[in-house]
Amino acid sequence: MSSHPDTCPACGSRKMILGAEFPDAVDFGIARKSTLRVPARPKAAIFKQQVDSTLEADVCGDCGFVQFYVSKPDRLWDAYQRGRSRGE
């Protein structure tokens, strides 16, 4: 988990729910975690070399403000940079 705030950036409350998850879909009673995806080869028709990272959320228990985080930002950044270095 990355660095999460102790207080809500919107209202200043300390009632923070850290690292909440929300399912992308439920198949046969099993929830799949939401993910963010970055292609290392965005212009490729196939074999885009997709890199995924699980999406997490911090939620304020007072005002309901939500901040999203990915669990592995370094992997997404590396894929993004690979795509840019190839001119894609």
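**Cysteines, strand pairing and core of a predicted model**

The sulfur of Cys63 lies 3.7 Å from the closest cysteine sulfur, that of Cys8, which is too far for a bond. This distance comes from a predicted model. A disulfide is a covalent bond between the sulfur atoms of two cysteines. The cut-off applied here is 2.5 Å between the sulfur atoms. Cys11 gives a further case: its closest cysteine sulfur, in Cys60, is 3.7 Å away, too far for a bond. The structure accordingly holds zero disulfides. Cys63 is partly exposed, at 44% relative accessibility. Cys11 is also partly exposed, with a relative accessible area of 43%.

The protein chain contains one helix and six strands. Read from the N terminus, the order of elements is β-β-β-β-β-β-α. Strand β5 pairs with several partners. With β1 it shares three bridges, and the two strands run antiparallel. Here Ile17 stands opposite Val59 of β5. Strand β4 (residues 35-39) also pairs with β5 in the antiparallel sense, over five bridges. In this pairing Pro39 faces Gln50 of β5. Five bridges likewise join β5 to β6, again antiparallel. Val59 stands opposite Val66 in β6. Val59 thus has a counterpart in β1, namely Ile17, and another in β6, namely Val66. The hairpin of β5 and β6 has five residues between its strands. Within this hairpin, Gly64 takes a positive phi near 85°.

The largest nonpolar core has seven residues. Its members are Val38, Ala40, Val51, Leu55, Val70, Leu76 and Ala79. Two elements, β5 (50-60) and α1 (73-85), each give two or more residues to this core. Val70 illustrates the packing. Outside its neighbours within four places in sequence, Val70 contacts Leu36, Ser53, Thr54, Leu55 and Leu76. Two of these partners, Leu55 and Leu76, are themselves listed in the core.

Aromatic contacts were examined next. A pair of aromatic rings is described by the distance of the centres and the angle of the planes. The structure holds two such pairs. Phe22 and Phe68 form an edge-to-face pair, with centres 5.7 Å apart and 70° between the planes. Phe22 sits in the loop between β1 (16-20) and β2 (23-27), and Phe68 in strand β6 (residues 66-70), so the pair ties together parts 46 residues apart in sequence. Phe22 is partly exposed, with a relative accessible area of 30%. Phe68 counts as exposed, at 52% relative accessibility. The rings of Trp77 and Tyr80 have centres 5.5 Å apart and planes at 40°, so this pair is tilted. Both residues lie in helix α1, three residues apart, about one turn of the helix. Tyr80 is partly exposed, with a relative accessible area of 39%.

Overall dimensions were also computed. The protein chain has a radius of gyration of 16 Å, whereas a compact globule of 88 residues would have one near 12 Å. Along the principal axes, the C-alpha atoms fill a box of roughly 45 × 35 × 15 Å. Of the 88 residues, 25% count as buried. Among contacts between residues at least 6 apart in sequence, 46% join residues at least 24 apart.

Notes:
Residues are numbered from 1 along each chain as its sequence is written. This is a predicted model: local features need pLDDT of at least 70, side-chain atom pairs count only at pLDDT 80 or more; totals for chains, interfaces and linings use all residues. Side-chain values use heavy atoms; hydrogens and water are left out. A nonpolar core is a set of buried Ala, Val, Leu, Ile, Met, Phe, Trp, Tyr and Cys residues joined through side-chain atoms within 4.5 Å. Buried means under 20% relative accessible area, exposed over 50%, partly exposed in between (1.4 Å probe, protein chains only). Helices (H or I, at least four residues) and strands (E, at least two) are DSSP runs, numbered from the N terminus. Contact means heavy atoms within 4.5 Å. Rings of Phe, Tyr and Trp (its six-membered ring) pair if their centres lie within 6.5 Å; planes under 30 degrees apart count as stacked, over 60 as edge-to-face and the rest as tilted. Two strands pair if DSSP finds at least two bridges between them. The radius of gyration is taken over C-alpha atoms; the globule rule is 2.2 Å times the number of residues to the power 0.38.
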